[in-house]
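Subject: Structure handover and notes

Hello,

Here is the structure you asked to have passed on. My notes on it follow below.

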Amino acid sequence: MSNFWRGLSVLITGACGTVGQELMRQLICQGPAEIIAIDNNETEVFFLSEMYRETANVRIYLGDVRDKQKLLQVSEGVDVVIHVAALKHVILCEQSPRDPLQTNILGTQNVVEAAIENGVKRVIFTSSDKAVNPTNVMGTSKLMGERLITAANSFRRGSGPIFASTRFGNVLGSRGSVIPIFRQQIARGGPVTITDRGMTRFVMTVTEAVRLVMDSVFMAQGGEVFVTKMPVARISDLAVVMIAELAPAYGYDPKDIVIQEIGAKPGEKQYEELMSEEEIRRTLELERYFAVIPAFKTVYKSIAYDYEGMVSRSVGRAYNSAHEAALSPDQLRDYLKQGGLLDVPASGDVRTPM
């Protein structure tokens with residue numbers, strides 16, 4: 001992959017988030033000519049700038065995807081845009097729907113227009129499983145973002161930008177995700193709160209999420225949505241495994257930490273979907289990924305959609321966490337350990353939440 005990235009100029013929006021920071025870390029090793037990063041969190045931009053102060057080919061700016069003029073400035077001369085910036089917390093988006101409209105929808109359209117005006121070669125948008133049959137404002141806004149990215153290919157002329165999306169499951173360990181919440185609850189001695197013991201979710205590590213994005217940049221042919229084949233976990237098993245592994249590190253006996261079921265949140269699904277029944281009619285299976293092909297292929301440039309490592313041109317059923325076998329507790333423990341998600345503090349007061 002280093003040959004693909006070498007010499008390219010790459011723009012990352014939302015660079016201060018968990019995925020954005022891991023993207024920067026991995027990309028630097030691939031030999032790009034330049035990495036430009038923007039985020040609207042002033043404090044985090046400062047800390048990220050300090051981290052890369054001695055890295056000559058990294059430039060980090062304060063900026064918001066709601067500001068098209070800023071995007072036009074930072075994407076000038078850029079080859080690849082990876083659009084990670086988004087509002088992603090379901091309840092907050094439900095309470096303030098105007099904000100995800102401005103960031104997740106209008107902000108994405110700003111990225112599209114800036115990329116077209118500046119002749120960017122490739123644009124990848126990061127979406128969510130909540131965009132599939134959405135039940136909330138956040139999921140609906142991410143679905144609209146996907147549609148805007150796919151539709152942007154209808155403006156393609158000659159070597160103009162190729163636009164595509166990736167669709168994440170639950171990125172374990174990311175800010176606001178269940179892993180740090182459970183960890184904090186365990187560090188306080190419990191209880192660990194889960195919404196429903198039967199709830200299942202597709203899960204992926206931050207490293208896997210970044211691999212999906214980086215691979216998709218060069219797999220994309222125009223308008224697809226790429227989905228990683230990923231494991232399923234029961235939320236109750238996740239709580240049990242984390243308590244067993246982390247409670248002793250925080251000075252507690254795992255048997256003393258209670259799991260409390262508090263009921264599903266409004267609009268929360270018992271399961272998650274990564275591809276709908278409608279989408280599987282136009283989905284191709286690759287070795288590691290699925291590629292959901294645009295529904296309105298006729299309005300785009302004729303594309304064969306052939307990929308290296310093609311497994312099948314058809315998929316049998318919707319990709320739904322309720323239909324897939326969940327990891328056993330032992331498998332889940334190994335998966336979390338491999339992802340560094342059960343690491344414990346090296347020193348200090350072990351009872352202090354992280």
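Is Asn133 buried, partly exposed or exposed? With a relative accessible area of 43%, Asn133 falls between the 20% and 50% cut-offs, so Asn133 counts as partly exposed. Please keep in mind throughout that this is a predicted model.

Backbone points

Asn133 sits in the loop that runs between β5 and α7. Its phi is near 45 degrees, which is positive although the residue is not glycine. Tyr305 is another non-glycine residue with positive phi, in this case near 55 degrees. Tyr305 belongs to the loop between β15 and β16, and its relative accessibility of 3% is under the 20% limit, so Tyr305 is buried. There is also a cis peptide bond, from Gly190 to Pro191, with omega near 0 degrees. Pro191 is in the loop between α8 and β8 (192–194).

Tyr307

The loop between β15 (289–292) and β16 (310–312) also holds Tyr307. Tyr307 has a relative accessible area of 9% and is therefore classed as buried. What does Tyr307 touch, leaving aside residues up to four places away in sequence? The contacts are Met219, Gln221, Glu224, Phe226, Leu284, Leu286, Ala291 and Ile293. With Glu224 there is a side-chain to side-chain polar contact of 2.5 Å. Ala220 is 87 residues from Tyr307 along the chain, and the C-alpha atoms of the two are separated by 9.0 Å.

Helix α7

Helix α7 covers residues 137–151, 15 residues in total. At 1.5 Å a residue the helix should span 21 Å, and because its end C-alpha atoms are 21 Å apart, the expected and modelled spans agree. At the N-terminal end, Asn136 acts as a cap: one of its side-chain oxygens is 3.4 Å from the backbone nitrogen of Met138. Met138 is itself buried, and the other buried residues of α7 are Gly139, Ser141, Lys142, Leu143, Gly145, Glu146, Leu148, Ile149 and Thr150. Which elements cover the buried residues of α7? The cover includes the helices α5 (90–95) and α6 (98–118), together with the strands β5 (122–128), β6 (162–168) and β10 (225–228).

Helix pairs

Two packed helices are described by the angle between their axes and the distance between the axes. Two pairs are given here in those terms.

For α2 (residues 18–28) and α9 (residues 206–219), the packing angle is about 65 degrees and the axes are 9 Å apart. Angles of 65 to 115 degrees count as roughly perpendicular, so α2 is roughly perpendicular to α9. Their crossing is right-handed. On the α2 side the residues that meet α9 are Thr18, Val19, Glu22, Leu23, Gln26 and Leu27; on the α9 side they are Val206, Thr207, Val210, Val213 and Met214.

For α8 (residues 178–187) and α10 (residues 235–246), the angle is about 45 degrees, with 10 Å between the axes. How are α8 and α10 oriented to each other? They are oblique, because the angle is neither under 35 degrees nor in the 65 to 115 range. The crossing of α8 and α10 is right-handed. Val178, Ile179, Phe182, Arg183 and Ile186 of α8 make the contacts with Ile235, Leu238, Ala239, Met242, Ile243 and Leu246 of α10.

Regards

Terms used: Residues numbered from 1 in each chain as written. Predicted model: local features only at pLDDT ≥ 70, side-chain atom pairs only at ≥ 80, totals over all residues. Heavy atoms only, no water. Helix = DSSP H or I, 4+ residues; strand = E, 2+ residues; numbered from the N terminus. Expected span 1.5 Å × (residues − 1). Buried < 20%, exposed > 50% of the residue type's maximum accessible area, 1.4 Å probe, protein only. Contact = heavy atoms within 4.5 Å. Polar contact = N/O pair within 3.5 Å; in protein donor to acceptor, adjacent residues only side chain to side chain. Axes fitted to C-alpha atoms, helices over the stretch in contact; angles between N-to-C directions. Parallel < 35°, antiparallel > 145°, perpendicular 65-115°, else oblique. Left-handed = near helix turned anticlockwise from the far one by under 90°.
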